[in-house]
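Trainee: Can we go through this model together? I would like to start with the fold and then look at the packing.

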Amino acid sequence: MPDSLGSFMRQWRPALGACLIVGSILLAAAAPARAASPFWDAIFSGLGHAKPDPDRVLAQQPNLIKGATDGLEPQRPGVTDLYFVGLAGDSSEGVFRREVESVTKLFDARFGTKGRSLTLVNSPGTIATLPLATPYNLRRVLARVGGVMDREEDVLFLFLTSHGAPDEFWIDAGPVEADPLSSGDLKEMLNDSGIKWRVLVISACYSGSFINELWDAHTLLITAARDDRTSFGCSSERDWTYFGEAYFDHALRNGLSFVSAFDQAEKAIAQREKDEDLTPSFPQMRIGRLIGPKLAELERRIRGMQQAASRVAQPAP
């Protein structure tokens with residue numbers, strides 16, 4: 001994002017400690033489909049630019065999706081490959097874009113997803129370069145990933161971050177109208193993609209309300225909050241939400257187990273919320289009965305890859 005744009009966004013948005021504040025406002029004003037965001041009017045007006053034309057933005061999406069998915073590396077027979085999809089849903093808070101970008105870089109460097117990762121982002125700074133994070137685009141991307149990977153052998157890691165309400169993951173796509181994403185919508189997309197092995201991480205208020213629909217034997221499902229609780233750290237002044245910082249930036253930056261990382265993050269978040277006198281968010285995790293061995297296999301492969309890279313990097317005696 002250009003410095004001028006990032007600076008303007010920080011000045012325009014006040015600091016928010018919890019997703020609840022903005023999520024409650026959005027919920028009260030919500031229509032079946034979210035209209036174009038007034039936030040974008042303020043951003044582009046402040047920079048002296050006209051707001052992007054919605055029809056033109058929509059017309060660009062097929063090419064942006066094609067550009068993002070054409071470069072996906074194919075699956076490798078006999079190898080459990082990890083494919084990563086990150087989605088930043090609400091354009092009015094820069095933290096979501098920065099969080100998805102940071103997690104993508106982490107996974108490319110640490111978990112071997114370079115060439116097998118892509119992002120969908122709602123942000124004025126990426127509108128010309130990345131697909132918008134809308135339910136329609138997510139459906140298209142998951143279908144494409146499902147067509148490239150070995151759906152019986154490989155694993156999808158899907159990370160969604162935004163504001164939320166009970167059974168609603170908020171989508172603010174700027175000039176383009178967009179519906180919120182429900183658990184039923186996401187389940188249908190994943191099932192239609194044919195992707196069998198799934199790690200789903202949903203960071204939003206009330207994200208625990210997605211568990212009943214999405215959890216199955218082949219899925220590890222992690223949410224930033226219980227179905228009746230808010231999560232914290234959703235403001236444009238931050239680089240990470242509380243959950244994202246604890247789970248990705250701390251636990252997974254130093255470990256390889258998606259399950260163990262949750263255990264560490266859960267403890268860290270509970271302590272932070274206690275120290276700041278916040279109502280506990282109670283992050284949730286559900287492990288499908290069949291996915292444990294698959295993730296253990298993936299972890300062994302990634303650890304072996306890192307050990308091999310470390311030996312190559314060591315100077316000769």
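The questions below cover the sheet, one helix and the nonpolar cores.

Mentor: First, the ground rules. This is a predicted model: local features need pLDDT of at least 70, side-chain atom pairs count only at pLDDT 80 or more, and totals for chains, interfaces and linings use all residues. Residues are numbered from 1 along each chain as its sequence is written, and side-chain values use heavy atoms, with hydrogens and water left out.

Trainee: Which strands are the edge strands of the open sheet?

Mentor: Six strands form the sheet, in the order β2-β1-β3-β6-β7-β8, with mixed pairing. Strands are DSSP E runs of at least two residues, and helices H or I runs of at least four, numbered from the N terminus. Two strands pair if DSSP finds at least two bridges between them. Those that pair on one side only are β2 (117-121) and β8 (284-287).

Trainee: Why do the buried residues of α7 line one face of the helix?

Mentor: In α7 (residues 183-193), the buried residues (under 20% relative accessible area, 1.4 Å probe, protein chains only) are Ser183, Leu186, Met189, Leu190 and Ser193. The arc is taken from the directions from the helix axis to the C-beta atoms. Seen down the axis of α7, the buried residues line one face because they fall within an arc of 130 degrees.

Trainee: How many residues has the largest nonpolar core?

Mentor: A nonpolar core is a set of buried Ala, Val, Leu, Ile, Met, Phe, Trp, Tyr and Cys residues joined through side-chain atoms within 4.5 Å. Phe107 and Phe157 are among those with the most contacts inside the largest one. That core has 39 residues.

How values were computed: Buried means under 20% relative accessible area, exposed over 50%, partly exposed in between (1.4 Å probe, protein chains only).
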